[in-house]
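User: I am in my first year and would like a close look at how the helices of this model pack against one another. Please take it slowly and explain the terms as they come up.

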Amino acid sequence: MGFFKILHDYVKDNYENGIYRENEKWFEKDKNSVDDYQLGYEQAKRDYYKHHTFKRFPSTAANFINIVANNKAVEVSKFISGYENAKHDILTKKAF
């Protein structure tokens, strides 16, 4: 149960500090036209072009939660998968 508390606190702290607000308009505009994987992929590209860094996401935890929750967190898993694949493509120069 301690891991879920850490995950909850991580998301809550980022939310309260406005980390997610920066992209709210972009997500709202495109959420019906782009799937979650592509949203993650595009977010990684924006992070790299803007800051030359990447965010760290708890992908193992998200996948575990998705399994336990009977695919009710699939959007999060897909987003993280897209983000990680874009990160790999950028670092290996495939996304340029």
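Analyst: What follows looks at the helix contacts one pair at a time, with some single residues and loops along the way.

This is a predicted model, in which local features need pLDDT of at least 70 and side-chain atom pairs count only at pLDDT 80 or more, while totals for chains, interfaces and linings use all residues. Residues are numbered from 1 along each chain as its sequence is written, and side-chain values use heavy atoms, with hydrogens and water left out.

The chain has five helices and zero strands, where helices (H or I, at least four residues) and strands (E, at least two) are DSSP runs numbered from the N terminus. Read from the N terminus on, the order of elements is α-α-α-α-α. Of the 96 residues in the chain, 27% are buried; buried means under 20% relative accessible area, exposed means over 50%, and partly exposed lies in between, with a 1.4 Å probe and protein chains only. Among contacts with a separation of 6 or more, 59% join residues 24 or more positions apart, and a contact means heavy atoms within 4.5 Å. The accessible surface of the chain is about 7000 Å², and carbon and sulfur atoms hold 56% of that surface, as computed by the Shrake-Rupley method with a 1.4 Å probe.

Two packed helices are described by the angle between their axes and the distance between the axes. The axes are lines fitted to C-alpha atoms, for helices over the stretch in contact, and the angles run from 0 to 180 degrees between N-to-C directions.

Consider helix α3 (residues 36–51) and helix α5 (residues 74–91), whose axes come within 6 Å and cross at roughly 40°. That angle makes α3 oblique to α5, since angles under 35 degrees count as roughly parallel, over 145 as roughly antiparallel, 65 to 115 as roughly perpendicular, and the rest as oblique. The crossing of α3 and α5 is right-handed; a crossing has this name if the near helix is turned clockwise from the far one by less than a right angle, and is left-handed if the turn is anticlockwise. On the α3 side the contact includes Y37, L39, Y41, A44 and Y48, and on the α5 side it includes F79, Y83, A86 and I90. By class, the contact of α3 with α5 has nine nonpolar, five polar and seven charged residues, where Ala, Val, Leu, Ile, Met, Phe, Trp, Tyr, Cys and Pro count as nonpolar, Asp, Glu, Lys and Arg as charged, and the others, Gly among them, as polar.

Within this pair, Y48 lies in helix α3 and counts as buried at 16% relative accessibility. Although Y48 and L91 are 43 residues apart in sequence, their C-alpha atoms are 9.8 Å apart in space.

Turning to α4 (59–68), this helix packs with α5 at an angle of about 150°, with the two axes 8 Å apart. The two helices α4 and α5 are therefore roughly antiparallel to each other, and their crossing is left-handed. The residues that meet are S59, A62, N63 and N66 of α4 and V74, V76, S77 and I80 of α5. This contact of α4 with α5 divides into four nonpolar, four polar and no charged residues. One of its members, S77, sits in helix α5 and is buried, with a relative accessible area of 10%. Leaving aside neighbours within four places in sequence, S77 is in contact with A62, N63 and N66.

The helix α4 also packs with helix α1 (residues 2–16), here at an angle of about 115° and with the axes 12 Å apart. The helices α1 and α4 are therefore roughly perpendicular to each other, and they cross in a left-handed way. In this contact F3, F4 and L7 of α1 meet A61, F64 and I65 of α4, and by class the residues are six nonpolar, no polar and no charged.

The loops deserve a look as well. In the loop between α3 and α4 lies H52, which is exposed at 56% relative accessibility and has a positive phi of about 55° although it is not a glycine. Most residues other than glycine have a negative phi. Another residue with a positive phi, about 65°, is N71, again not a glycine, and N71 is found in the loop between α4 and α5.

Finally, K55 lies in the loop between α3 and α4 and counts as partly exposed at 29% relative accessibility. Not counting residues up to four places away in sequence, K55 touches I19, Q43, D47 and Y83.
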